[in-house]
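Got the viewer open and a selection box ready? Let's take a walk through the fold, one stop at a time.

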Amino acid sequence: MGLRRGTEVELEVEDIAFGGKGIARLDGLVIFVEGALPGEQVRARIRRRKSDYAEATVREILSPSPRRVVPRCEYFGICGGCKWQNVPYEEQLDFKWREVRDSFNRIGGFREVTIERPLPSPEIFFYRNKMEFAFSRQRWLIPEERGTDEKPKDFALGLHVPGRFDKVLDLDRCYLQSELSNRILQATRDFARTRDLEPWDTRTHSGFWRYLVVREGKNTGEVMVNLVTSRREEGVMRELAEVLCNLSPKVVSVVNNIQPRPSSTAFGEEEWVVWGRGFIVERLGPFSFEISANSFFQTNTRQAERLYRKIVELAELEGRELVYDLYCGTGTIGIFLSPHARRVLGVELLDNAVANARRNCERNKVTNCTFLKGDVAELLTLESRRGELREPPDVLVVDPPRAGVHPKGLRHILALQPRRIIYVSCNPTTLARDLKVLCERRYQIKRILPVDMFPHTYHIETIVRLDRKAS
Ligand SMILES: C[S@@+](CC[C@H](N)C(=O)[O-])C[C@H]1O[C@@H](n2cnc3c(N)ncnc32)[C@H](O)[C@@H]1O
């Protein structure tokens, strides 16, 4: 078939694939179409051609899905944040359910399993407790701005345009975090523009301003502002901290993470607490948690509480069990499980997160949790399982990053032989891959419950309960 890069074709979109792309077929070849929804007829341009599939981008929607809705955000279609704001929420959940089903079928080889309907998020706008905005010297111009000189073109603070790591959309308003977060964004931009300091340049690796990260306790109202810069400029930071604190008494912490090296993440090598106490507190159900600038915390607070309650329900603890909480972050899952278990043992790679987890136990007067710093792949080898790790768990919870569990980690889990495993995953493809390994050995799937933590995106969290087979 003469289907090369750049060719335009008419396609009928049949389904949705992981990553939110539409699936179409042309002469038997699968084509993943960016920007199209199931049921639509589109004209699309081939972007990439492989031997067994192709990727295309929509040029024109010839027959739109009758289910499309008007997106709330004026930057929809330009900003990479909310790809599905034009899809009714019920339908978004259906797409996510299909993504999970597809991963289980295709990657895991599971055909007979029941995947429950995703647990919807209680809020679909302003649900995030963390937003990360990037500074750039290259502002992405929206169509109305082209040819005007209203705003400088060499300064932007906002969100990346998809596929353009260098260009940033200088947005005024985002519907994901809160109105206060929007005011912080605007005040930081206004302040930074008046200083004689440039945004970071990703090509020359020079400049000062790198990221603005806003974290917000949705249940406590506390806000932390984290400025990531390439060096320390004490006077400037103190002035900016004053501007930010004057915006609202909810701003309880301003920190400066310093990152002089090329890096595409908003992490610093060094942290300076410019103002306040260097962390915020968030409440989830009966517990409260300390969150510092770089620690992992589920971004949708209200849904995180429901996620943790579901984990407690699926774990079915009776109070006698030893529970391992692998990839435990700041200890949230372990602390939620602690009233129902004899003991909880958490394992986490990052020092900061382990320190937060220990403080979170003290703060909540939880005395039956222990947190160990280490790599899951290394810490659970037979030789290193001394002391705390000598006793194997009755129940094991595993909540890895997107890459899933390291093969060594999976081998350790199999060797530990817990009676029950609760696998919490933010990536259905690595989840299906890992479950295939566990189920080929000694485990069987009991429940699969997707939980929607990220409305308007294709991301989906999934909780799976596995039971050890009788041998
Ligand atoms: C998806 S988060 C889960 C955090 C926590 N369970 C929660 O709900 O807040 C994954 C965590 O795994 C940690 N991590 C990543 N690689 C790791 C490894 N090899 N060994 C141990 N922890 C790791 C990360 O630092 C992060 O805190």
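The tour below moves from strands to single residues and ends in the empty spaces; keep in mind throughout that this is a predicted model.

**Stop 1: the hairpin.** Begin by selecting residues 8–16, which make up strand β1, and then add β2, residues 22–26. The two strands run antiparallel and are joined by three bridges. To find one of these bridges, label V13 and look across to A24 in β2, its partner. Together β1 and β2 form a hairpin, with five residues between them. While you are in the turn, click on G19: its phi is positive, at about 105°.

**Stop 2: another partner for β1.** Keep β1 on screen and bring in β4, residues 41–49. This pairing is antiparallel as well, and five bridges hold the record of it. Which residue of β4 stands opposite E12? Select Q41 and you have found it.

**Stop 3: an arginine on a helix.** Next, show helix α1, residues 89–106, and pick out R101 within it. Is R101 buried, partly exposed or exposed? Its relative accessible area is 29%, so it counts as partly exposed, since the buried class ends under 20%. Beyond its neighbours within four places in sequence, R101 touches D15 and I115. For a sense of scale, draw a distance from the C-alpha atom of R101 to that of H160: the two are 59 residues apart along the chain and 30 Å apart in space.

**Stop 4: a serine in β14.** Now go to residues 287–292, strand β14, where S292 sits. With a relative accessibility of 10%, S292 is buried. Display what surrounds it: leaving out neighbours within four places in sequence, S292 is in contact with R215, M224, G278, F279 and N356.

**Stop 5: the seven-stranded sheet.** Colour the strands β17-β16-β15-β18-β19-β21-β20, in that order, and you will see an open sheet of seven strands with mixed pairing. Which strands stand at its edges? They are β17 (369–373) and β20 (443–451); each has a single partner strand, so one side of each is left without a neighbour in the sheet. On average, neighbouring strands here are turned by 15° against each other, direction ignored.

Zoom in on the β17 edge. Its pairing with β16, residues 343–348, is parallel and spans five bridges. One bridge to look for links E348 with K373 in β17. Then add residues 351–363: this is helix α6, which lies across β16 and β17 and runs at about 170° to β17. As you turn the view, remember that side chains in a regular strand alternate between the two faces of the sheet.

**Stop 6: the empty spaces.** Rolling a probe the size of a water molecule over the atoms shows where empty space is left. How many cavities of 30 Å³ or more are there? The count is one. The largest cavity has a volume of about 110 Å³. Its lining consists of 16 residues, and those nearest its centre are C73, C79, C82, Q85 and C174. By class, eleven of the lining residues are nonpolar, four are polar and one is charged.

Finally, turn to the second largest pocket, at about 660 Å³. Select E34, G35, G77, K83 and P162, the closest to its centre among the 24 residues that line it. That lining divides into twelve nonpolar, six polar and six charged residues.

How values were computed. Residues numbered from 1 in each chain as written. Predicted model: local features only at pLDDT ≥ 70, side-chain atom pairs only at ≥ 80, totals over all residues. Heavy atoms only, no water. Pairing = 2+ DSSP bridges. Helix = DSSP H or I, 4+ residues; strand = E, 2+ residues; numbered from the N terminus. Axes fitted to C-alpha atoms, helices over the stretch in contact; angles between N-to-C directions. Contact = heavy atoms within 4.5 Å. 1 Å grid on protein atoms, 1.4 Å probe; cavity = no way out; pocket = protein on both sides within 12 Å on 5 of 7 lines; lining within 4 Å. Points joined across faces, edges and corners; volume = space filled by probe spheres on them. Nonpolar A, V, L, I, M, F, W, Y, C, P; charged D, E, K, R; others polar. Buried < 20%, exposed > 50% of the residue type's maximum accessible area, 1.4 Å probe, protein only.
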